[in-house]
Amino acid sequence: MKIYRIVPHCSATDFTKDYSEQQLERDHNIRGIRSPMGYHFYIRKDGRIVKGRELSEMGAHALPFNRDSWGICYEGGLKEGGTTWRDAQDTRTDEQRAGELNCIYQILQYIENIAVGKINIDYKIEIIGHGQLPGIARACPCYDAKKEFSWITA
Ligand SMILES: [Zn+2]
């Protein structure tokens, strides 16, 4: 069974500070991730959706699960003054929650388009938080994504 994953992330930054897509891109570049960024979408606090990688391109967001997965990231995820995962907090704004759903919907449509018409393709779609992937021990995206989006893939 082929598994297609949609993986929500947070930027792991203090939610009271702005963390622009330019900063994100620069930080990814420093870590060896090429432009535009490792995610397919980045969602700013005001809900604005910034397009990263093309949906047809593999992301660089959840090693070793980048293949057949799409990464979306919201700005924030750490409480005021926070600098590490110990300061994890679900800091999503209503606009970001709506933005996440919008991105998830776009990715679902994309997956269905690539899967449709293929004979004998047995697949399922999982929406799973970065830290919920096997062997990844971190708080990202600072909420239970599996639970929150279970109604979509059920
Ligand atoms: Zn992450």
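Let's start with the largest nonpolar core, which holds 28 residues. This is a predicted model, so please keep that in mind as we go. Inside the core, the residues with the most contacts are Tyr-42, Ile-43, Ile-72 and Cys-73.

Where do the core residues come from? The elements that each supply two or more of them are three strands, β1 (2–10), β3 (41–43) and β5 (69–74), along with one helix, α2 (94–115). Of these, β5 gives the most, with four residues.

So let's stay with β5 for a moment. How many of its residues are buried? Six of its six are, so the strand counts as mostly covered. As a general point, side chains in a regular strand alternate between the two faces of the sheet. In β5, one side carries Ser-69, Gly-71 and Cys-73, the other carries Trp-70, Ile-72 and Tyr-74, and every one of these residues is buried. In other words, both faces of β5 are covered.

Now, which strands pair with β5? One is β1: the two run parallel and are joined by six bridges. If you'd like to find one of them on the screen, look for Cys-10, whose bridge partner in β5 is Tyr-74. Another is β3, which also runs parallel to β5, with three bridges between them. There, Phe-41 has Ile-72 of β5 as its bridge partner.

Ile-72 has come up a few times now, so which residues does it touch? Leaving out residues up to four places away in sequence, Ile-72 touches Pro-8, His-9, Tyr-39, His-40, Phe-41, Ile-43, Glu-100 and Cys-103. Pro-8 and His-9 fall in the stretch of β1, Phe-41 and Ile-43 in that of β3, and Glu-100 and Cys-103 in that of α2. That makes Ile-72 a handy residue to click on when you explore the model.

Let's zoom out to the whole chain. There are four helices and seven strands, and along the sequence they follow the pattern β-β-α-β-β-β-β-α-β-α-α. The radius of gyration is 15 Å, close to the 15 Å that the globule rule gives for 154 residues, so the chain is as compact as a globular protein of that length. Along the principal axes, the C-alpha atoms fill a box of roughly 50 × 30 × 30 Å.

Two last numbers for you. Buried residues make up 36% of the 154 in the chain. And among contacts with a separation of 6 or more, 62% are between residues 24 or more positions apart.

Definitions and conventions
Residues numbered from 1 in each chain as written. Predicted model: local features only at pLDDT ≥ 70, side-chain atom pairs only at ≥ 80, totals over all residues. Core = buried A, V, L, I, M, F, W, Y, C linked by C-beta atoms within 7 Å. Buried ≥ 20, exposed ≤ 12 C-beta atoms within 10 Å, placed from the backbone. Contact = placed C-beta atoms within 7 Å. Pairing = 2+ DSSP bridges. Rg over C-alpha atoms; globule rule 2.2 N^0.38 Å.
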